[in-house]
Amino acid sequence: MQLLEFIDTEADRKVILKEYRSLLKSCNPTLSKEDRKQVRMAFEMAAEAHKEMRRKSGEPYILHPIAVAKIVAKEIGLGPTAIICALLHDTVEDTELTIDDIKFNFGAKVAEIIDGLTKISSVFDLKSSFQAENFRKLLLTLAKDVRVILIKIADRLHNMRTMDSMPRHKQLKIASETMYLYAPLAHRLGLYAIKSELEDLSMKYTEREVYRDIARKLQQTKRERSRYINEFVKPLNTELERQGFSARIFGRPKSIFSIYNKMKKKNVDFEEVYDLFAIRVVIDSPPHKEKADCWRVYSIVTDYYQPNPQRLRDWISTPKANGYESLHTTVMGPKGRWVEVQIRTERMDEVAERGYAAHWKYKEGSNDIGLDGWLRRIRELLKNPESNALDFMDDFKLNLFTKEIYVFTPNGDLKILPVNATALDFAYEIHTDIGNHCIGAKVNHKLVPISHQLNNGDQVEIITSKKQKPNEDWLNFVITSRARSKIKHSVKELRRKVAMQGKEMLERKFKTLKVDFTHENLHQLVEYFDVNSTLDLYYRIAAKKVNLTEIRALKGPHRNIVLPEDKAKPVEQQIDVDKVKHTIKQNEELLIFGESSKKINYQFAKCCNPIPGDDVFGFITVNGAIKIHRTNCPNAISLMSNYGYRVVKARWTQAEQLAFLTGLKITGLDDVGVMNRITNVISGELRLNIRSISINSTDGIFEGDFMVYVNDTQELERLIARLKELKGISAVARFDVEDNSKG
Ligand code: MN
């Protein structure tokens, strides 16, 4: 029987088998016989399930899952379960195979991972709120088994590598998602090589020109660079060998994305970016001698090249939260150029390149703060049902992007916090109760407020008081997602308690008024006081922010509430939009100053003061009148998006000689006669009426608001142009009057 007999052409079969063999070569040679059998079964099952499908590039679809499995095995270093899952990752989503088929053949664990992969496949396909909800699901799955996200990242990496045949708009979408979520996730999981590649690939599509330009320049300068690296490395090689080290020394090119970032950040050209590469020294060293050996290498390097003391980073004594260990220094190389040198052992290099998966291989069962702590925090966030999905996403992303600082408890325990974390963040990091009752801290034995920002290496002691309670202001200075969600939760709880007092107060009030405590009556109050919910209403009552004496009148036998006329909220449904629209002569369009307008009651909105010539629209107010707004009015977007059905098209007809009020902001030098010149132009030359002027003058600069009556935009433009010509005037601009009344 022939292998893959279900594949139609010999050519396809050949390519597929070739790739499959190459996958097997990437697998750890210690794969057991049983594992091999399972991998093969997964391969054949996936190949058959996808047999009719092709990728956009035309190649057989199965090459994609094989490539993903290869990344999972070779570049992330995962074992047989993950390889099997990678091979099957698109089957449940895109083929006839079901989760039960998978479970039956490969067991519950594989089925669980495939299920997770299938569920999160559409994370970015929907609108933002759904996205956030999906994102939450993604993390839920991730918190269950990290392999889900690792395979997802491998999947994304292969798609990014083979995106050329995609249409442009899809390339852009996929590339930006990658930059937005996948690269930071890869970074957080310590997959440095993959993270840089994702960033580079993403940039290749989003900033094509710059990318090509930098890539070309890197290519052109390659020879000169390798000559320099050889010169730099030579004496080090000799000395390391003389001292008995077995070491690899090589130049590592920096990624295009990081070079581009440097160019942007320092505002320099490619030629001026000095660190286009780093030198890496990787030594063989037994576990117990790793640290000492790395420092010996450091000593050798700095014997030859002068180090910059400010650029020493020791991530061996204190590894990064994602597991990264290395010793970095920047030294003065030949020709007076600064060169970054990274010193590490083979084990550290493996962790740095392939991330945590590799890390676990070495530190099985060890209890470190890095990934485990991160996953613990994610699980905690997810457990908090109060947080809404979008908030959650914001909170989470905070944790994904920020850099870390290391601080210590009074006992010397290490805590890792994001840069800019405050004493309060630290308190919540220790315990929720400590956070909730925190009134201050001692940082390096000095008393500081809870909002104090911590620095690397600080020793922090938290001071608490039983009387302290969290409040909303705290959210302004905590930055960890843990502290944020705990504070939000407590504040909500406190609010709820206060609200319950308010509810009792309202019940008593209703009783004296002989009003029933019904949903309708409550709803009326919510409307009347313009609050968000009954809970909000209760809270405001207890906080004395609403006045209960305003409710008095009663309506006969229904035991209903009646509110004072003038403040009663008009109900949306009362506006007969259709009727108003009909009156506009079925024209769909409101003609201001035209025939139809004679019968219609309209006004010009005070928020934007439209004048003839402006682009305008009509907005039907709650009274059935029409207000005319400029289409670029600050309120327009909200009116159009929230009350689209109340918007009517409007257009100016032949303007009658009517004056419109408009505002001009004029700034200039405050010299003698400038006011005179301005008013001369406005009322003298152009014969326009000024309604009001208000002038502010500081340090020789004046700023004046002029309210002027003009006939149309042409006249206004003429006026502005004329004013700009005046001596001492630096700017003239029309301004919108601040007024938030809608409609
Ligand atoms: Mn896929």
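The legends below describe close-up views of two helices and a sheet in a predicted model.

**View 1. Helix 27 and helix 28 cross in a right-handed manner.** Helix 27 spans residues 674-685 and helix 28 spans residues 713-724; their axes come within 10 Å and cross at roughly 145°. On the helix 27 side, the contact is made by Ile678, Val681, Ile682 and Glu685. Helix 28 contributes Leu719, Arg722 and Leu723. Of the residues in this contact, five are nonpolar and two are charged, with no polar ones.

**View 2. Four strands make up an open antiparallel sheet.** The strand order is 19-20-18-21. Strand 19 (689-698) and strand 21 (729-735) are the edge strands, each pairing on one side only. From one strand to the next, the twist averages 20°.

**View 3. Strand 18 pairs with strand 20.** Strand 18 covers residues 660-669 and strand 20 covers residues 701-710. The two strands run antiparallel and are joined by 10 bridges. One residue pair in view is Leu664 with Phe706, its bridge partner in strand 20.

**View 4. Helix 27 lies across strands of the sheet.** The strands that helix 27 lies across are strand 18, strand 19, strand 20 and strand 21. Relative to strand 20, helix 27 runs at about 15°.

**View 5. Helix 28 lies across strand 18, strand 20 and strand 21.** Helix 28 runs at about 160° to strand 21, which is an edge strand of the sheet.

How values were computed. Residues are numbered from 1 along each chain as its sequence is written. This is a predicted model: local features need pLDDT of at least 70, side-chain atom pairs count only at pLDDT 80 or more; totals for chains, interfaces and linings use all residues. Side-chain values use heavy atoms; hydrogens and water are left out. Axes are lines fitted to C-alpha atoms, for helices over the stretch in contact, and angles run from 0 to 180 degrees between N-to-C directions. A crossing is left-handed if the near helix is turned anticlockwise from the far one by less than a right angle, and right-handed if clockwise. Contact means heavy atoms within 4.5 Å. Ala, Val, Leu, Ile, Met, Phe, Trp, Tyr, Cys and Pro count as nonpolar, Asp, Glu, Lys and Arg as charged, and the others, Gly among them, as polar. Two strands pair if DSSP finds at least two bridges between them.
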